[in-house]
Structures are given as C-alpha cells and as structure tokens.
Amino acid sequence: MSDANLTERQLDEGPDPVDLTDEPIQLSHRDPASDPIRRAPASRRRRIVLAAALAVGLAGAAALGTAGWRVAQQKDTRLSAPEQVAGLTRDDSERARSTADYLRSGFAADIDLDASFGTVYRDPADESRAVLLFGGTTLLWQPERDLDSLFGLMADETGRVAGLHEVPAGKLGGVMKCGTTSGDGGDFAICGWADHGSAAMAMFPGRSVDDAARLFRQIREGVQTRD
C-alpha cells in the first residue's frame, strides 16, 4: 500500500474539519454588559458626578436666594437728618448748610441717586469735633464695590485715604469702612457705608478712626430707616 493511499484513507475516516470563522470564541455564557463587577465602577462614578452636580446646583440656588432676599430687604431705604442723633445736634447755620450742600452735590455727582442729603452735626461737648454727613438712596447691586469707588473719588478730592479697612456695619448690615485722610485742619477720620438701598459717608475731625466707626454706626441707626 502506497503512502498516497494511506493518506487518503485517513482523511476520509477522520472527523469533520473544524469551521473557523471570524466570530470570537466565547469562553463563558455570562453577558459582560450585565456583569455587576464590571458595571459597578461606572455606576459609582455616575452617582458621584450626579451628587456633585446636585450639590453645586443647590449651593448656587441658595446663594441666589440669599442675595435676592438681601436685596429685597435693603432696597427700600430712606435717609433723614433728624435734629438730634447719637448725642449730636444738627447745625442749621448758614455756613453749615452751605458746607453740607457742597458735600451733598459732590456726592450726588459721583453716583446716580434717587435722593440725596447732606448735613453737619455739631458736638455740644466740643465744637471742633463737628461731623459732616452726606449720602443718598438708590438701588446698589454691588455695595462694597460702589463704596470702594466712592472712597477712591474722595481720595481725589482730599488726598489719599490711608488705612482703609472694613469695620462692623451694625444691625442694618451692608458694608462699612473707615480710614484717614487729610484736610485743611490736618488728618481726620472718614467712614462710609453702603447696602443695597443706600450709601453715605461722614468726616470726623478730631476723632480717632475707632471712635469715628462707633459714632458712625450710631448715626446710621438714627438716620436710616427701611420700608
């Protein structure tokens, strides 16, 4: 028997050849898409992303809500010049009225106001420590920025405002700052406040910045009211 016949018989009697296709060989009947071990990391990442997005959204909504409430609370403000305030007496002399009107006009020229005022208060205990107060009412969206701008304009008029810093604004809120500047009579304290409904400044000759800040809060509580 030849080798050729042997080879032919072996091929005829053997099993059918394996059909190799392009499909991959699957070693398990488990569906990879449903495998909890493989799906867990993606699911966990999705939960973390959603939780973070929700937290950011809630924080943003809370901030907007707080800001909106603050604007609504402060926007309807009125300022007056009572005859007596914080132990001081309004000076109605012609000279004081002229000075107050000059300060009021200058302040109103720097900021668009619905109403403005200016007055001079004298200290019965010391005539040299008069307080020059001026300001007005309007809707301010960014009170601190506007107050800083007013101090900058004041510096152009009186010289540099040194040591400007924030001080407690008191129960009426908003922002209040004080510093020192120079005038004909030497250095004196200057303070200002701003909220969403008003802005005002005052000059305090003969007083330290700390004393001026305390007095300014008392004056504000006596001249500012809200609807």
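Which residue is the bridge partner of His165 in β7? The legends below take up this pairing along with other close-ups of a predicted model.

**Figure 1. Overview of the predicted protein model.** The protein has five helices and ten strands. Of its 227 residues, 32% are buried. About 14300 Å² of surface is exposed, and carbon and sulfur atoms supply 53% of that area. Contacts between residues at least 6 apart in sequence were also examined: 61% of them join residues at least 24 apart. The structure holds 13 salt bridges.

**Figure 2. The open sheet of eight strands.** The strand order is β2-β3-β4-β5-β9-β8-β7-β6, and the pairing is antiparallel. At the edges lie β2 (84-85) and β6 (162-167), each of which pairs on one side only. Strands of a sheet pair through backbone hydrogen bonds, in either a parallel or an antiparallel sense.

**Figure 3. The β2 edge of the sheet.** Strand β2 runs antiparallel to β3 (residues 88-90), and two bridges join them. One residue to pick out is Gln84, whose bridge partner in β3 is Thr89.

**Figure 4. The β6 edge and its neighbours, β7 and β8.** His165 has Cys178 as its bridge partner in β7. Strands β6 and β7 pair over four bridges, in the antiparallel sense. Strand β7 also pairs with β8, again antiparallel, here over nine bridges. Within this pairing, Thr180 stands opposite Ala189 in β8. A hairpin of two residues connects β7 to β8. In a regular strand, side chains alternate between the two faces of the sheet.

**Figure 5. Helices α3 and α5 against the strands.** Helix α3 (residues 94-110) lies across β4 (115-123), β5 and β9 (198-204). Its direction is at about 140° to β4. Helix α5 (residues 209-223) lies across β2, β3, β4, β5, β6, β7 (175-183), β8 (186-194) and β9. The angle between α5 and β8 is about 40°.

**Figure 6. Asp101 in helix α3.** Asp101 is partly exposed, at 39% relative accessibility. Its side chain makes a polar contact of 3.1 Å with the side chain of Arg104. Val120 lies 19 residues from Asp101 along the chain, and their C-alpha atoms are separated by 9.7 Å.

**Figure 7. Thr138 in the loop between β5 (126-137) and α4 (143-158).** Is Thr138 buried or exposed? Thr138 has a relative accessible area of 11%, so this loop residue counts as buried. A polar atom of its side chain lies 3.2 Å from the backbone oxygen of Asp112. Beyond its neighbours within four places in sequence, Thr138 contacts Asp112, Leu113 and Asp114. The contacts of Thr138 also include His196, Gly197 and Ser198.

**Figure 8. The Arg122–Glu127 salt bridge.** The two side chains meet at 3.6 Å, N to O. Arg122 is partly exposed, with 28% relative accessibility. Glu127 is exposed, at 53% relative accessible area.

**Figure 9. The Lys177–Asp148 salt bridge.** The closest N and O atoms are 2.8 Å apart. Lys177 belongs to strand β7 and Asp148 to helix α4, so the pair ties together parts that are 29 residues apart in sequence. Lys177 is buried, at 10% relative accessibility. Asp148 is partly exposed, with a relative accessible area of 33%.

**Figure 10. The Asp195–Arg226 salt bridge.** Here the closest N and O atoms are 2.9 Å apart. The pair links distant parts of the chain, 31 residues apart. Asp195 is in the loop between β8 and β9, while Arg226 is in strand β10 (residues 224-226). How buried is Asp195, in relative accessible area? Asp195 is buried, and its value is 0%. Arg226 is partly exposed, at 22% relative accessibility.

**Figure 11. A network of salt bridges.** Four residues are linked here: Asp123, Asp126, Arg129 and Arg207. Asp126 and Arg129 fall within the residue range of β5 (126-137), and Asp123 falls within that of β4 (115-123).

Note on methods
Residues are numbered from 1 along each chain as its sequence is written. This is a predicted model: local features need pLDDT of at least 70, side-chain atom pairs count only at pLDDT 80 or more; totals for chains, interfaces and linings use all residues. Side-chain values use heavy atoms; hydrogens and water are left out. Buried means under 20% relative accessible area, exposed over 50%, partly exposed in between (1.4 Å probe, protein chains only). Contact means heavy atoms within 4.5 Å. Accessible areas come from the Shrake-Rupley method with a 1.4 Å probe; for residues, only the protein chains shown count as cover. A polar contact is a pair of N or O atoms within 3.5 Å; within protein, one must be able to donate a hydrogen and the other to accept it, and residues adjacent in sequence count only if both atoms are side-chain atoms. Two strands pair if DSSP finds at least two bridges between them. Axes are lines fitted to C-alpha atoms, for helices over the stretch in contact, and angles run from 0 to 180 degrees between N-to-C directions.
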